[in-house]
Amino acid sequence: MMPENPFMKPSPYAALYDLLIPKDHIFRRINELVDFSFVTEELADKYCPDNGRTAIHPIRMFKYLFLKYLHPLSDVDLVERSRYDLSYKFFLDMAPEEDVIDSSSLTVFRKLRLKDTQLLDLLIGRTVAIAMAHGLLESNTIIVDATHTQSRYNLKNPREVLQDQSRLLRKHLYAVDESLKEQLPVKNTKDDLEAELAYCAELIAVVEQLPGLSANPKIGESFRLLQETVADDQEKLQCSTDHDARTGHKSADTSFFGYKTHLAMSPERIITGAIVTTGEKNDGKLLQSLIEKSDAAGINVKTVIGDSAYSEKENLEYVEENKICLISKLNPVTAYGTRKKEDEFEFNKDAGMYVCKAGHLAIRKARQGKKGTGTNQQDTYYFDIDRCKRCPLREGCYKEGAKSKTYSVTIKSPEHANQFALQESAEFKGKAKERYKIEAKNSELKNRHGHRVTSGAGLSGMEVQGAMAIFVVNVKRILRLLDERREASG
């Protein structure tokens with residue numbers, strides 16, 4: 001059952017907030033910027049109106065998650081900080097003397113209350129609306145890219161995950177006191193998940209009995225991480241590493257195991273659309289959906305900036321149909337063919353034939369491939385083989401014993417030809433310089449807001465993680481843009 005009043009209870013100590021929380025503190029500014037009542041409206045059907053124990057209000061639970069991604073912490077450390085940090089209590093609408101929640105409530109909120117809520121689109125839509133209401137979004141351009149998030153299980157089986165975390169805890173314990181080795185349980189040597197879980201539980205119990213150790217920051221963090229993995233993810237550990245995670249490739253030589261977050265962002269660096277997928281998904285296939293999500297959020301998209309992954313033929317057809325300018329280079333093979341510059345023959349426009357490096361003109365040409373099959377056709381030019389055999393430049397050009405000498409050129413589709421002409425223009429080159437902004441945004445998500453590694457297992461958990469991280473960075477960016485505008489005017 002949802003409580004009626006989400007805000008702070010009357011308290012004789014409430015004046016402490018006026019004394020200790022500055023007027024320009026980020027939490028005051030966020031509370032002024034964002035009307036969190038939308039959380040109550042969106043989650044109303046997740047709570048029974050008249051039965052059951054009164055629940056912690058969803059606004060407070062949502063704000064806990066906001067804090068978790070603003071300053072990435074484990075659930076236990078987050079709740080503990082909210083116990084003594086008055087700025088956290090102020091943001092959470094708690095009275096200074098009010099007790100904190102149990103950290104397990106956050107797990108329940110994520111898994112049960114936020115399930116099937118379309119949280120990603122909801123939170124992006126809210127922040128875009130706030131930005132537009134303040135006149136901060138003036139462009140019809142979006143920049144698109146995808147960033148990867150490594151699964152916390154990293155292709156390891158559940159036992160290996162537990163082993164790594166227990167090993168880290170022991171390392172921090174021994175750094176404080178080497179003699180603790182004698183007090184800890186004997187390590188599990190069986191290749192058995194149940195045995196490893198039992199060992200970790202025993203290790204946790206022993207460390208709990210050792211006075212003062214958890215006060216050490218490194219020991220405390222690794223101890224609570226092991227606790228959280230054993231307790232919160234035990235169901236997942238029993239059956240799988242991460243069934244939803246997939247292997248994706250960052251380059252020809254590097255891969256990752258996890259998920260992708262496909263992003264659309266305005267030049268003002270407000271994220272306007274996002275889609276979370278498993279790691280193997282192709283970036284280009286999500287372009288149309290990102291455009292449509294940005295449109296739904298209120299951006300009338302006229303220009304899209306992205307890397308060459310987005311210039312596939314289906315996307316070129318889509319942007320042409322919708323009168324959108326796509327600033328995305330063609331794949332070099334499509335744009336220039338596979339030949340090196342020194343291997344290229346010159347085209348003689350008067351003869352309508354190619355000329356080889358020795359000055360010999362092709363004697364005929366033939367077109368290969370069928371139009372409308374989805375693959376580009378080729379024009380093949382044939383040279384006089386008898387002349388090639390005697391040519392002084394035949395080395396590396398004519399293969400001994402060959403019965404013919406040809407030179408083939410791929411015929412670009414109209415879409416590819418138009419895009420090639422666009423990418424050679426000054427307009428294209430100027431707009432393409434904006435693409436670096438989304439790479440910086442990806443870095444911010446990963447390095448400051450916990451998006452480098454998943455906080456749990458499963459695609460649904462990754463969607464919640466992505467939604468909260470993006471909500472945080474959008475709110476921060478709006479505040480920054482408001483500061484810049486105030487500085488410019490003042």
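## Overview

A residue counts as buried here when its relative accessible area is under 20%, as exposed when that area is over 50%, and as partly exposed in between, using a 1.4 Å probe and protein chains only. By that yardstick, 47% of the 490 residues of the protein are buried. This is a predicted model, in which local features need pLDDT of at least 70 and side-chain atom pairs count only at pLDDT 80 or more, while totals for chains, interfaces and linings use all residues. Residues are numbered from 1 along each chain as its sequence is written, and side-chain values use heavy atoms, with hydrogens and water left out.

The protein has 20 helices and 11 strands; these are DSSP runs numbered from the N terminus, with helices (H or I) of at least four residues and strands (E) of at least two. A contact means heavy atoms within 4.5 Å. Among contacts with a separation of 6 or more, 68% are between residues 24 or more positions apart.

## Strand S1 and its partners

Let us start with strand S1 (residues 141-150). It is largely enclosed by the rest of the structure, because 10 of its 10 residues are buried. Thr141, Ile143, Asp145, Thr147 and Thr149 point one way from S1, while Ile142, Val144, Ala146, His148 and Gln150 point the other way.

Two strands are said to pair if DSSP finds at least two bridges between them. S1 runs parallel to S5, to which 3 bridges join it, and threonine 141 has threonine 303 in S5 as its bridge partner. With strand S3 (residues 255-265), S1 pairs in the antiparallel sense over 8 bridges; here threonine 147 is partnered by threonine 261.

## The S9-S10-S11 sheet

Further along the chain, 3 strands form an open sheet in the order S9-S10-S11, with antiparallel pairing. Strand S9 (364-368) and strand S11 (405-410) stand at the edges and have a single partner strand each, so one side of each lacks a neighbour in the sheet. On average, neighbouring strands of this sheet are turned by 25° against each other, direction ignored. Such axes are lines fitted to C-alpha atoms (for helices, over the stretch in contact), and angles run from 0 to 180 degrees between N-to-C directions.

The antiparallel pairing of S9 with strand S10 (residues 378-383) extends over 5 bridges. Glutamine 368 stands opposite glutamine 378 in S10.

## Two buried serines

Serine 311 lies in the loop between strand S5 (303-305) and helix H14 (313-321), and it counts as buried because its relative accessibility is 5%. A polar contact is a pair of N or O atoms within 3.5 Å; within protein, one must be able to donate a hydrogen and the other to accept it, and residues adjacent in sequence count only if both atoms are side-chain atoms. The side chain of serine 311 reaches two backbone oxygens: that of serine 308 at 3.0 Å and that of lysine 329 at 2.9 Å. Leaving aside residues up to four places away in sequence, serine 311 touches Leu316, Leu326, Ser328, Lys329, Leu330, Asn331 and His416.

Serine 82 belongs to helix H5 (residues 75-84) and is buried, with a relative accessibility of 0%. Its side chain makes a polar contact of 3.0 Å with the side chain of tyrosine 64. Tyr64 also appears among the residues that serine 82 touches, together with Tyr88, Lys89, Leu92 and Val100, again not counting residues up to four places away in sequence.

## Helix H2 and its cover

In helix H2 (residues 26-33), the buried residues are Phe27, Arg28, Arg29, Ile30 and Leu33. Their cover includes helix H1 (15-20), H4, helix H6 (86-91), helix H8 (119-133) and helix H20 (459-489).

## Pocket and cavities

On a 1 Å grid over the protein atoms alone, a cavity is a set of points where a 1.4 Å probe fits but cannot get out, and a pocket is an open set with protein on both sides within 12 Å along at least five of seven lines; lining residues have an atom within 4 Å of a point. Grid points are joined across faces, edges and corners, and a volume is the space filled by probe spheres set on the points. The second largest pocket has a volume of about 690 Å³. Its lining comprises 24 residues, of which Leu73, Ser74, Leu225, Thr454 and Ser455 are the closest to its centre. Helix H11 (217-232) is one of the helices that each supply at least two lining residues, and H11 gives the most, with 6 residues.

The structure also holds 3 cavities of 30 Å³ or more. The largest cavity contains about 100 Å³ of space, and its lining includes Cys356, Cys388, Cys391 and Cys397.
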